[in-house]
Amino acid sequence: HAGKSNTILGRKANRICVAYEGMDKFFPADRILLTGNPVRATISGSTCSREEGAAFFKLDPSKKILLVVGGSLGARSINEAMESGLDSLLEAGIQVIWQTGKPFLERASAKAAGKQGVWVNDFITQMEFGYAAADAVISRAGAMAITELCVLKKPVLFVPFPFAAEDHQTVNAQSLVKRNAALMVKDSEAKEKVVPMMLDLLNDEAKRMELVRNISELGITDADERIAREVLALIKNK
C-alpha cells in the first residue's frame with residue numbers, strides 16, 4: 001500500500017521503484033519498475049547454516065525451531081499469545097526463539113524460566129542466525145520484514161499491526177495470503193489462534209513446503225543493484 005507522501009511524490013517522479021506488483025493503483029504504470037526492497041547483505045548473502053543458527057541460540061538442530069519476532073519494540077498481541085501458548089509448543093517438541101522487545105522482556109523471561117528449548121531476549125542482534133535456524137516464523141507484516149522473509153524463503157504466519165497507517169500491514173500480508181505464500185491472523189485474534197495455527201503448520205511439512213515454494217517466487221535478492229542502475233540511467237539521460 002502506497003502512503004500519501006509516496007503517492008504525491010510519485011506524480012512528479014520519472015521512475016518509481018516498487019517492491020510489490022499491483023502498484024499501478026497508486027502510480028502511473030509506465031513509470032513503475034519492480035525492483036524489490038534492498039536487504040542488508042548480512043541477510044541476503046548469508047551462508048549461515050541451520051546448525052550454526054541453532055547453535056547461536058543454544059538450541060538442538062534436530063528439533064523444529066520457531067522464530068517469533070514483533071519488531072524492535074516487540075508486539076504485545078504476539079507476546080501474549082506466546083506467553084499463553086509457550087508450554088503447548090514446548091510439550092509438542094517445538095523449540096522457540098522469542099524476541100520480545102524491552103516492554104515484555106520481564107514477563108517473557110519469567111514465563112520461560114527453567115524451561116529447556118526456549119531462547120528469550122528483547123532483541124536479536126544477528127538476525128541471519130535467527131532466520132537460518134527457523135523452520136517457521138511468526139512476524140508483523142511491515143514491508144522490510146516481508147521482504148526479508150521472501151528473500152530467505154521462510155514459511156510465515158503474519159500478525160499485522162492494526163494501527164499502522166491506513167492499515168497497510170494487513171494489505172501487505174493479504175497480498176501474500178492471496179498467493180498462498182503466507183498465513184495471517186488478525187491482531188485481535190492472535191492470543192487464541194497464533195499458537196494453534198503454528199502447531200498445525202509445524203506438523204504439516206507439505207503445507208510448509210507449499211508456502212516456501214510460493215514465497216520464494218516473490219524474493220528479489222538484487223534490489224539494491226536494480227535501483228542503483230535506474231538512478232544512474234536517470235542521471236545519464238538527464
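Here are some notes on this predicted model, going from the overall build to individual residues.

1. **Overall build.** The protein chain has 11 helices and 8 strands. Its C-alpha atoms fill a box of roughly 65 × 35 × 35 Å along the principal axes. For 238 residues, a compact globule would come out near 18 Å in radius of gyration, and the 19 Å of the protein chain agrees with that.

2. **Inside and outside.** Buried residues account for 45% of the 238 in the protein chain. The accessible surface adds up to about 12,400 Å², and carbon and sulfur atoms own 52% of that. As for how the chain meets itself, take the contacts between residues at least 6 apart in sequence: 64% of them join residues at least 24 apart.

3. **Salt bridges, starting with a long-range one.** The whole structure has 12 salt bridges. One of them pairs Arg179 with Glu21, with the closest N and O atoms 2.7 Å apart. This pair ties together distant parts of the chain, 158 residues apart: Arg179 is in the loop between helix 8 and strand 8, while Glu21 is in the loop between strand 1 (16-18) and strand 2 (32-34). Arg179 has 41% relative accessibility, so it counts as partly exposed; Glu21, at 56%, is exposed.

4. **Helix 4 to helix 5.** Asp87 and Lys111 meet through their side chains in another salt bridge, at 3.3 Å from N to O. Here too the pair links distant parts of the chain, with Asp87 in helix 4 and Lys111 in helix 5 (residues 105-112), 24 residues apart. Both ends are partly exposed: Asp87 has 28% relative accessibility and Lys111 has 22%.

5. **A bridge within one helix.** Lys207 and Glu210 form a salt bridge with their closest N and O atoms 3.5 Å apart. They sit 3 residues apart in helix 10 (residues 205-216), which means about one helical turn separates them. Lys207 is partly exposed at 22% relative accessibility, and Glu210 is partly exposed at 26%. Back on the pair from the previous point, salt bridges with shared partners join Asp87, Lys111 and Lys115 into one network.

6. **Aromatic rings.** The count of aromatic pairs is 5. In the Phe56 and Phe57 pair, the ring centres are 4.9 Å apart and the planes are at 80 degrees, so this one is edge-to-face. These two sequence neighbours differ in cover: Phe56 is partly exposed at 31% relative accessibility, whereas Phe57 is buried at 2%. Phe161 and Phe163 are also edge-to-face, because their planes are at 75 degrees, with centres 5.8 Å apart. Phe161 is partly exposed at 33% and Phe163 is exposed at 69%. Ring pairs also link Phe56, Phe57, Trp119 and Phe129 into a cluster.

7. **Leu202.** This residue lies in helix 9 (residues 190-202). Leu202 is buried, since its relative accessible area is 1%. Beyond its neighbours within four places in sequence, Leu202 contacts Lys64, Leu66, Ile94, Asp135, Ala136 and Arg208. Asp135 is 67 residues away along the chain from Leu202, yet their C-alpha atoms are separated by 7.6 Å.

8. **Glu80.** Is Glu80 buried or exposed? At 19% relative accessibility, Glu80 counts as buried, because the cut-off is under 20%. Glu80 is in helix 4 (residues 76-91). Leaving out residues up to four places away in sequence, Glu80 touches Phe104, Arg107 and Lys191.

9. **A nonpolar surface patch.** Val231, Leu232 and Ile235 make up a nonpolar patch on the surface, with about 300 Å² of accessible area together. Ile235 is in helix 11 (residues 223-236) and counts as exposed at 56% relative accessibility.

10. **Positive phi values.** Two non-glycine residues to look at are Asp167 and Asn180. Asp167 has a phi near 50 degrees and is in the loop between strand 7 (156-158) and helix 8 (168-177). Asn180 has a phi near 55 degrees and is in the loop between helix 8 and strand 8 (183-184). Asp167 is partly exposed at 30% relative accessibility, and Asn180 is partly exposed at 24%.

Key:
Residues are numbered from 1 along each chain as its sequence is written. This is a predicted model: local features need pLDDT of at least 70, side-chain atom pairs count only at pLDDT 80 or more; totals for chains, interfaces and linings use all residues. Side-chain values use heavy atoms; hydrogens and water are left out. Helices (H or I, at least four residues) and strands (E, at least two) are DSSP runs, numbered from the N terminus. Buried means under 20% relative accessible area, exposed over 50%, partly exposed in between (1.4 Å probe, protein chains only). Contact means heavy atoms within 4.5 Å. Patches are made of residues with over 30% relative accessible area and no salt bridge: like charges are joined within 9 Å, nonpolar side chains (Val, Leu, Ile, Met, Phe, Trp, Tyr) within 5 Å. Accessible areas come from the Shrake-Rupley method with a 1.4 Å probe; for residues, only the protein chains shown count as cover. A salt bridge is a side-chain nitrogen of Lys or Arg within 4 Å of a carboxyl oxygen of Asp or Glu. The radius of gyration is taken over C-alpha atoms; the globule rule is 2.2 Å times the number of residues to the power 0.38. Rings of Phe, Tyr and Trp (its six-membered ring) pair if their centres lie within 6.5 Å; planes under 30 degrees apart count as stacked, over 60 as edge-to-face and the rest as tilted.
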